[in-house]
Amino acid sequence: MIRVLGMMSGTSMDGVDAAVIETDGVRIGGFGRRAFRAYSDNESAALHAALGRWPGEEGVEDAAAISVASHAAMAADFHEADMIGYHGQTLAHDPQGRGTHQSGDGALLARKTDRPVVWDFRTEDVRRGGEGAPLAPFFHWACAGWAVGQGHLPSQPVAFLNLGGVGNITWVDPAASAPEAPGACLAFDTGPANAPINDLMRRRLRRSHDEDGALARTGNVEEAIVADFLSHPWFDRPPPKSLDRDQFAGLAAAVEPLADADAAATLVAALAGAVAAGLRWLPSVPATVLVCGGGRRNPAIMTRLAQDLPCDVQPVEAAGLDGDMLEAQAFGWLAARVMRGLPTSGPTTTGVPAACCGGRISHPRKR
């Protein structure tokens, strides 16, 4: 087992999560320290300004510099970690077109932190014909196995629902021999999650998010908008499939005429409806849907999920896991797999034709 510092800045663009995990790239030996560094208003504004842009375009170099500097500052406090898994900041994702773009320079980060850095996890998967996302599913398999071993879960299929800027779900059979084994995992993006809610709050009220779902809980859902949203061909497309953060810009436009609370409530209902629509693609109805990411802290979202889904819905903490740090831990675990040459994605998670080991390895004094 080695100690890896995983670091993640997601599509919510609120800051950097950092967490240490002990692993051999297959099993989880234990979880270490964790921390969060919020982006300043200026950093957040610069990252948002670069959204949708590709290498060489305006603002991208600034976003990459912010990413490296913020992650290096976080890593400086984690001396116990032997290596780093660095996701970078997703600015654009178009796997069927221009590819995928996570800004940041892992080689520079390795020099700044004086430790090996595994980064650029998605490009190889896309190059081979995969969606490049979601990448946490193999880690979810490891988490389920750990939770079963700790007595937190029965040994039966469960689902992990990550609600960041975009939602993604992983159906996992913890009894499978490996995450790439047939029948072990099925994963895909469900639809927009926190991103349109956060954008609404930022645009109208100059707040980063709807704290405790307070605004959404006072609003009325415009069900016609939700029904129109769920009629989009995306929901009839079988997995694997992945989304760009702003792929459903029409949803934001549809709620624009609504009052603040009604708009927030309608976006929450759209999020939950998208998850419910995705359950038809799972091999079986999971015993429990374990919710991770920022969305699980929004009571309006959790209430609507419980209303719309035909199974138990719980925050992932019910399985003894940390829903705030799961994605950071995932990229630490994936980094260990890359070091061992083990698969990080497969046909039932990203649609890549065969199991794929993505990621680049940069050493401190090598370019």
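A disulfide is a pair of cysteine sulfur atoms within 2.5 Å. The model is a predicted one, in which local features need pLDDT of at least 70 and side-chain atom pairs count only at pLDDT 80 or more, while totals for chains, interfaces and linings use all residues. Residues are numbered from 1 along each chain as its sequence is written, and side-chain values use heavy atoms, with hydrogens and water left out.

**Exercise 1.** Determine how many disulfides the structure holds, and explain why cysteine 357 is not bonded to cysteine 356.

*Solution.* The structure holds zero disulfides. For cysteine 356, the nearest cysteine sulfur is that of cysteine 357, 6.9 Å away. Seen from cysteine 357, the sulfur of cysteine 356 is the closest one, and 6.9 Å is too far for a bond. As for the surroundings, buried means under 20% relative accessible area, exposed over 50%, and partly exposed in between (1.4 Å probe, protein chains only). Cysteine 356, at 0%, is therefore buried, whereas cysteine 357, at 26%, is partly exposed.

**Exercise 2.** Find which parts of the sequence the salt bridge between glutamate 131 and arginine 237 ties together.

*Solution.* A salt bridge is a side-chain nitrogen of Lys or Arg within 4 Å of a carboxyl oxygen of Asp or Glu. In this pair, the closest N and O atoms are 2.8 Å apart. Glutamate 131 lies in the loop between helix H4 (123–127) and helix H5 (137–149), and arginine 237 in the loop between helix H7 (223–230) and helix H8 (249–255), so the contact ties together parts that are 106 residues apart in sequence. Helices here are DSSP runs (H or I, at least four residues), as strands are (E, at least two), both numbered from the N terminus. Glutamate 131 is buried at 5% relative accessibility, while arginine 237 is partly exposed at 31%.

**Exercise 3.** Work out how aspartate 199 and arginine 202 are placed along helix H6, and say whether aspartate 199 is buried or exposed.

*Solution.* The two side chains meet in a salt bridge, with 3.2 Å from N to O. Both residues belong to helix H6 (residues 194–205), where, being three residues apart, they are separated by about one helical turn. Aspartate 199 is buried, with a relative accessible area of 19%, and arginine 202 is partly exposed, with 29%.

**Exercise 4.** Identify the salt-bridge network that includes Arg203, and state the total number of salt bridges in the structure.

*Solution.* Arg203, Arg204, Glu256 and Asp260 are linked in a network. In total, the structure holds 20 salt bridges.
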